Amino acid sequence: MSRQDFLRRMPEAARAFSRPTRLAERFHIDFFLLLLLLALTTIGLTVLYSASGHNLPSVEKQASFFMIAYATMFVVAQIPVDFMRRMAPFAYVGGVLLLLAVTIFGDISMGAQRWLQIGSFRFQPSEIMKLAMPITIAAFLSAGHLPPRFSRVLAVLVLIGIPTALIIEQPDLGTSILVATSGIMVLFFSGLLWRYIAAAVAVFGASLWPIWHYMLHDYQRQRVLTMLDPTQDPLGTGWNIIQSKTAIGSGGLSGKGWMEGTQSRLDFLPEGHTDFIIAVMSEEFGLLGVIFLLTVYALVIIRGLTIAVKSQNTFGRLLAASVSSTFFVYVFVNMGMVSGMLPVVGVPLPLISQGGTAIVALFAGFGILMAISTEQKRVMTPQP
Amino acid sequence: MQEAQHFKDHQREAKLFRNRVLVMATFMLALVSTLIYRYYDLQIVNYEEYATQSERNRVHVQPVPPTRGLIFDRNNELLADNKASFTLSVVSGDAEELNNTIELLKTLIEITPSDLGKFYKAQKQRRHKLDPVPLRYRLTEDEIARLAVNQHLLEGVEVNAELVRNYPHADMFAHVIGYTGRISEKDMDSFTPEQLQRYSGTHAIGKSGIESSYEDILLGEVGSQNVETNARGRVMRVLDRIDPKQGSDLHLHLDTRLQETAVAAMQGRRGAVVAIDVKTGGVLAAVSNPGFDPNLFVTGISYRDYKNLNDDIDTPLFNRFLQAQYPPGSTIKPVIGLAGLHYGFTDVDRAISDPGFFTLPGSSRIYRDWSLAKTGGGHGRVNLKVGISQSCDTYFWDLGTRMGIDKMSEFGAHFGLGQLTGIDVPSERKGIWPSREWKRAAKGQAWYPGDTVNMSIGQGFVLATPLQLAVVASTIANRGVRYKPQFVQRIGDKIHEPIIEETMEMKPEYWDAIFDGMAEVVHGPRGTARAYMSPGAEYRMAGKSGTAQVVAIAQNAKYNSAMLQERHRDHALFIAFAPLEDPKIAVAVMVENAEGGSSKAAPVARWMMDAYLLGYSLDADEFVPPLGFHHAAIIKRLNNYIAARNAAREGKPAVEPVKNTEPVPPASAGIDAEEGVTDE
């Protein structure tokens with residue numbers, strides 16, 4: 001039975017459905033992933049409308065960022081995976097240079113030097129590093145035998161260390177964790193020997209004390225202490241955590257209802273539209289809302305890992321797995337910190353928190369996933 | 001071979017990778033489970049706690065302050081009302097933001113260092129980080145407008161309206177109505193839990209005068225409301241509300257026109273005037289001159305204003321009618337005369353021969369009557385009537401000495417001398433009406449016969465306040481029925497009943513004799529006050545003059561000697577009531593350092609009685625204020641009144657009463673000086 005025959009026998013509705021799938025394939029779109037992202041975007045704008053205090057302009061602004069982000073994703077999805085691999089060194093060096101430029105010329109905003117202004121365009125180079133990092137490490141490791149030898153592991157650690165250190169210096173602990181994580185994830189998926197992992201964990205454990213005393217800023221230490229006992233300074237640094245836990249807890253099973261969250265509506269919850277937006281959502285939609293959101297996130301990650309597993313080339317595999325896992329880290333760190341489980345580091349809730357360049361960077365990541373996904377299909381199904 | 005090897009590597013790598021994905025997925029699953037457990041713990045297990053906390057964040061019980069009761073005079077003229085005052089408060093998140101806000105505010109409105117000092121102090125004491133702290137009181141309309149225009153720049157700045165006390169007559173009633181002030185920490189400390197509750201929404205409390213003594217009635221009952229507030233404490237909406245109960249209004253016996261008359265008649269001199277409604281004991285007018293503007297105290301007086309008032313040599317804060325104690329001098333003679341009649345030491349006709357001086361039996365000390373210095377002789381044959389009308393000291397020295405201290409002491413108590421009158425404002429002083437026991441207790445000495453001599457003419461240890469003298473006048477006018485003097489006539493709709501303190505049993509002819517004597521003071525050919533009181537009188541009245549010696553003023557570098565000399569002169573006193581046949585009003589007047597009781601104090605009493613009995617009868621074409629008289633409002637009202645009255649007279653000349661000359665003739669005719677001073 002030819003393909004034409006098969007289609008002819010399909011009911012009208014199924015044919016209509018099959019067309020976008022083919023269309024999507026032609027444009028390197030992973031339809032399932034796109035559907036999940038659209039769902040998250042919708043949830044994000046809905047919650048943001050409430051969290052921003054019914055501020056339509058801020059929702060419209062966010063929507064326009066999403067437009068840019070989707071466009072970026074489509075563009076990135078068209079890039080051949082191999083081209084990404086070859087471009088990796090340039091992306092990496094460029095990213096590091098921009099980070100250096102920030103250190104020297106950058107704008108200081110809210111006590112941190114993160115922004116670079118070129119003409120009227122203002123952006124955070126650390127966002128570029130979020131993608132340049134996994135691409136670089138994946139390219140570097142896929143070039144050799146796996147699992148990587150010790151010397152290559154050391155080289156990878158240096159590659160991870162340089163931009164991470166530059167971002168910590170800004171200081172932006174949240175982003176540096178995410179950037180480092182995206183690199184380390186590649187290392188992990190490349191089959192890094194368990195004994196290296198065990199050794200790393202041991203070294204990390206042993207270095208906690210010096211990090212605490214010599215490397216962390218006062219405000220970072222304070223955040224950790226606050227997480228451990230927010231009631232010690234209920235009007236100062238503990239305020240955010242106490243109020244966000246109150247918001248989450250008072251949501252109960254099914255929440256107070258959309259736009260009915262008093263903690264955010266009455267300004268008790270600081271940063272309700274950015275990093276702490278999950279508290280607004282928990283308050284208004286309850287545990288059921290949280291579980292629903294986590295389910296969508298889980299599907300995104302599962303989809304990402306599936307793409308990784310199905311990928312036929314090592315570079316794509318490592319990159320896809322790293323992007324997906326880093327996305328998970330985003331979710332986990334954010335929801336953990338807002339609920340008082342982790343110290344407060346500036347990590348937004350992906351696709352829900354308000355933000356510009358961070359969202360574009362995330363969607364660029366999904367574009368990479370789609371590029372990998374469709375390339376693998378291209379290999380599997382020969383063109384007619 | 002090499003290709004096969006390469007292919008095998010790929011297979012192994014893929015397998016290795018799948019394993020790693022599996023490990024990672026498991027790890028993620030574990031973390032997500034932790035996360036879900038965390039949210040389950042917050043949202044389900046501890047739901048109650050957080051729901052309560054959230055509700056406590058959201059809903060606050062707010063006291064709703066009651067509106068303070070108003071104060072009116074007997075003609076429904078407002079004496080104290082409430083007006084909106086605007087207060088600027090700042091919510092201060094962090095220090096830098098606060099500094100910027102204050103710098104900006106400084107460019108918009110006036111903020112003094114003292115405002116800032118109070119602000120930072122209050123800011124340290126605030127209970128919550130986001131509590132608003134008051135920075136400026138009494139914003140002007142201009143300032144409110146400027147703040148409104150720049151509102152978008154002023155994050156965390158609020159302007160709140162609050163009702164504060166307002167005294168439309170400013171200093172006219174300061175010593176009667178008193179004032180409200182901000183509740184101080186000391187007030188708070190003395191509050192019972194019930195009071196703390198009652199004052200929870202109120203910032204002001206009565207500090208003096210009527211405002212203080214009727215505080216409970218004026219305050220009202222606090223209401224409450226449940227409000228939804230945001231994190232900055234701003235009320236977003238009211239959920240439910242129990243209305244406060246407004247404080248009751250007070251209607252006073254005071255008559256604003258009479259009060260104005262008293263202030264006008266005092267012509268800016270220091271002193272006190274009290275007028276009492278004889279039939280009820282209601283106080284019709286009570287003036288302590290100079291006064292002060294009680295509005296200054298309402299939202300907290302500035303240090304500078306307070307220092308000015310406190311350091312003023314004329315002591316405007318001192319309530320002269322309630323707290324100034326003077327020797328009442330000759331004004332007490334009618335009481336002594338009455339005691340003589342009552343105890344049978346004299347009768348209406350019994351006369352003595354006055355040589356112009358008095359000696360105690362067995363003593364060589366000579367007590368000189370004032371006439372000795374004036375005329376070189378005595379008053380001649382003197383009975384009670386002449387004794388009173390000519391204020392003959394010798395007559396009362398003789399009578400007092402024969403009666404003795406104990407009888408005098410006992411009798412004076414019937415007139416409330418040496419006792420608190422019980423008037424319904426705080427801080428009254430009770431003067432001294434001495435007795436043997438009093439002297440022993442106070443001075444540690446026995447009572448000497450010389451003390452009795454002094455006491456019989458209201459000198460020596462005797463002290464009385466102008467209010468007490470008014471009560472004495474009123475009690476005589478009432479033929480022995482002594483009312484408690486009271487300011488309040490009506491609380492809300494409830495009449496505040498007059499209170500009779502005592503009703504004396506006495507033969508009517510005794511009262512007639514005293515009335516006769518006191519009428520002679522005013523109307524008699526040789527009455528001390530005839531020249532100042534009787535001209536043009538349309539009714540008959542009774543009066544008695546007096547002179548109070550001044551206690552030496554402590555030498556002080558602040559006061560120059562000329563000033564001191566002036567202030568060492570005697571105080572002029574006068575008590576009076578009218579009409580004689582059926583007295584309605586009793587008056588006591590004290591003019592500091594004016595010397596002549598008849599010449600200086602009596603005309604004030606005449607103004608008062610004219611105003612009360614004849615209406616506002618300043619008999620002049622125009623009220624020309626004396627030098628230094630600055631009550632513009634009074635001048636205007638009096639002139640308006642005179643114009644209206646003249647217009648009415650021209651319209652209906654038939655109704656015009658007996659043609660009057662000036663009620664207060666120049667002090668040229670008649671006896672210049674009167675009472676002498678005991679010369680010991």
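Q: In which helix of chain B does L42(B) lie?
A: The model is a predicted one. In it, the helix of chain B that spans residues 2-45 includes L42(B). That element is helix 1 of chain B.

Q: Is L42(B) buried or exposed?
A: The cut-off for a buried residue is 20 or more other C-beta atoms within 10 Å of its own. L42(B) has 27 such atoms within 10 Å, so the residue counts as buried.

Q: Which residues are in contact with L42(B), leaving aside its neighbours within four places in sequence?
A: The contacts of L42(B) involve both chain A and chain B. From chain B there is Y50(B). From chain A there are K245(A), I248(A), G249(A) and S339(A).

Q: Which element gives the largest share of the side of chain A that touches chain B?
A: On this side, 41 residues of chain A are in contact with 36 residues of chain B. Elements that give two or more residues to it include helix 8, helix 11 and helix 14 of chain A. The largest share is 11 residues, and it comes from helix 13 of chain A.

Q: How many residues of the side of chain A that touches chain B are charged?
A: The residues on this side divide into three classes. Nonpolar residues number 23 and polar ones 15. The charged residues number three.

Q: Which residue stands opposite Q225(B) in strand 9 of chain B?
A: Strands 1, 8 and 9 of chain B form an open antiparallel sheet in the order 1-8-9. Strand 8, residues 223-229, pairs with strand 9 over six bridges. Opposite Q225(B), in strand 9 of chain B, stands R241(B).

Conventions: Residues are numbered from 1 along each chain as its sequence is written. Chains are lettered from A and ligands numbered from 1 in the order in which they are written. This is a predicted model: local features need pLDDT of at least 70, side-chain atom pairs count only at pLDDT 80 or more; totals for chains, interfaces and linings use all residues. Two strands pair if DSSP finds at least two bridges between them. Helices (H or I, at least four residues) and strands (E, at least two) are DSSP runs, numbered from the N terminus. Two residues are in contact if their C-beta atoms, placed from the backbone, lie within 7 Å. Ala, Val, Leu, Ile, Met, Phe, Trp, Tyr, Cys and Pro count as nonpolar, Asp, Glu, Lys and Arg as charged, and the others, Gly among them, as polar. A residue is buried if 20 or more other C-beta atoms lie within 10 Å of its own, exposed if 12 or fewer, and partly exposed in between; C-beta atoms are placed from the backbone.
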